[in-house]
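Please walk through this structure by way of its side-chain contacts. The aim is a careful reading of rings, charges and surface.

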Amino acid sequence: MQISALIVGIYTSNHIIKEYRSLVEQNEEIKKLRLSKKQKKILLSILGIFLIGITIIYIVDIIYTKNEIKREKDNVTNNSYIEKEGDYIDECELPVVYKHFTTDKEGHVVCMGDPAMGKYAVMIYATTDGGSTWKQVTDQFFTVHYDTKFKFINEEVGFYIDYGRQGTDELAILERTEDGGKTWQEVKIEKMSFIEENNLLFKDFPEEKENKLEITIYTLNHAKTPSRTYYLYESEDLGKTWSYKEKAD
């Protein structure tokens, strides 16, 4: 009986010793996986540098995008804009910034002035007698940012591109009227599934081609490529709705 107890005791002791050694070895492995203070500092420094790099790329992308928008804006078709300061019509006290005739008799002028809160007051007038007299179209002033461009394609339908406030990341919007400039609605362009970028920008005003309107939009992704990607859209209802046509050069 004593011998049996001794044997069981020895066996149990050996088992306990083995388990203890196993736990010690596991603990040593865990210690090896722990980072020293120096290693932690190095890891945090690398992480900080990575975050700073991502932030710089994001800021550069915003600045590049705004510069490209400004560059594209400067290339927009002039459309008979008045370069001479102080050009007025008798019916409006604000200076004329745009004058365009769609026929010999029919045309529009856009008067703009009195900036407030980064925007300019706009009034639109129309003529049907070649500019001898002008009739107010808008019931009241509406506001746009500086350098907004206007274009009418007939007596009723027109567009303007508002490029947003300078020095901000606001993107350009395209507005359309079908009542001669009295009311305006933003033109919505459907982004196709294969277009990765969200910033759809307008290269220029819609152009009339083969009884349709065509407009070129482009995207920017400076983190991906410095070049612009152009897409051509077309409309069969004078710009009210647009459908994708093809990729443009």
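What follows takes up aromatic pairs, then salt bridges, then a surface patch.

The model is predicted, so local features need pLDDT of at least 70 and side-chain atom pairs count only at pLDDT 80 or more, while totals for chains, interfaces and linings use all residues. Residues are numbered from 1 along each chain as its sequence is written, and side-chain values use heavy atoms, with hydrogens and water left out.

A pair of aromatic rings is described by the distance of the centres and the angle of the planes. Here, rings of Phe, Tyr and Trp (its six-membered ring) pair if their centres lie within 6.5 Å, and planes under 30 degrees apart count as stacked, over 60 as edge-to-face and the rest as tilted. A search of the whole structure finds 13 aromatic pairs. In one of them, Phe142 and Tyr160, the ring centres are 6.0 Å apart and the planes stand at 20 degrees, so the pair is stacked. This contact links distant parts of the chain, since Phe142 belongs to strand β5 (residues 142–145) and Tyr160 to strand β7 (residues 158–162), 18 residues apart; helices (H or I, at least four residues) and strands (E, at least two) are DSSP runs, numbered from the N terminus. With a relative accessible area of 17%, Phe142 is buried, and Tyr160, at 6%, is buried as well, where buried means under 20% relative accessible area, exposed over 50% and partly exposed in between (1.4 Å probe, protein chains only). Phe142 and Tyr160 also belong to one aromatic cluster with Tyr98, Phe150, Phe152 and Trp184.

For Tyr218 and Tyr230, the ring centres lie 5.8 Å apart and the planes are at 45 degrees, so this pair is tilted. Tyr218 lies in strand β12 (residues 212–221) and Tyr230 in strand β13 (residues 225–235), so the pair ties together parts that are 12 residues apart in sequence. Tyr218 counts as buried at 1% relative accessibility, and Tyr230 is buried with a relative accessible area of 11%. Over the face of Tyr218 lies Arg228, at 5.6 Å from the ring centre; a charge sits over a ring if NZ of Lys or CZ of Arg is within 6 Å of the ring centre and within 35 degrees of the ring normal.

Side chains of opposite charge can pair when their charged atoms come close. The search of the whole structure finds 7 salt bridges, each being a side-chain nitrogen of Lys or Arg within 4 Å of a carboxyl oxygen of Asp or Glu. Lys188 is bridged to Glu186, with the closest N and O atoms 3.6 Å apart; Lys188 counts as exposed at 61% relative accessibility, whereas Glu186 counts as partly exposed at 38%. Glu236 and Lys212 meet at 3.4 Å, N to O, and this salt bridge links distant parts of the chain, with Glu236 in the loop between β13 and β14 (243–248) and Lys212 in strand β12, 24 residues apart. Glu236 is exposed, at a relative accessible area of 65%, and Lys212 counts as partly exposed at 28%. Salt bridges that share partners join Lys209, Glu214 and Lys245 into one network, in which the side chains of Lys209 and Glu214 meet at 3.9 Å, N to O.

Finally, Leu44, Leu47, Phe50, Leu51, Ile54 and Ile57 make a nonpolar surface patch of about 620 Å². Patches are made of residues with over 30% relative accessible area and no salt bridge, like charges being joined within 9 Å and nonpolar side chains (Val, Leu, Ile, Met, Phe, Trp, Tyr) within 5 Å. Accessible areas come from the Shrake-Rupley method with a 1.4 Å probe, and for residues only the protein chains shown count as cover. Within this patch, Phe50 lies in helix α2 (residues 37–74) and is exposed, with a relative accessible area of 53%.
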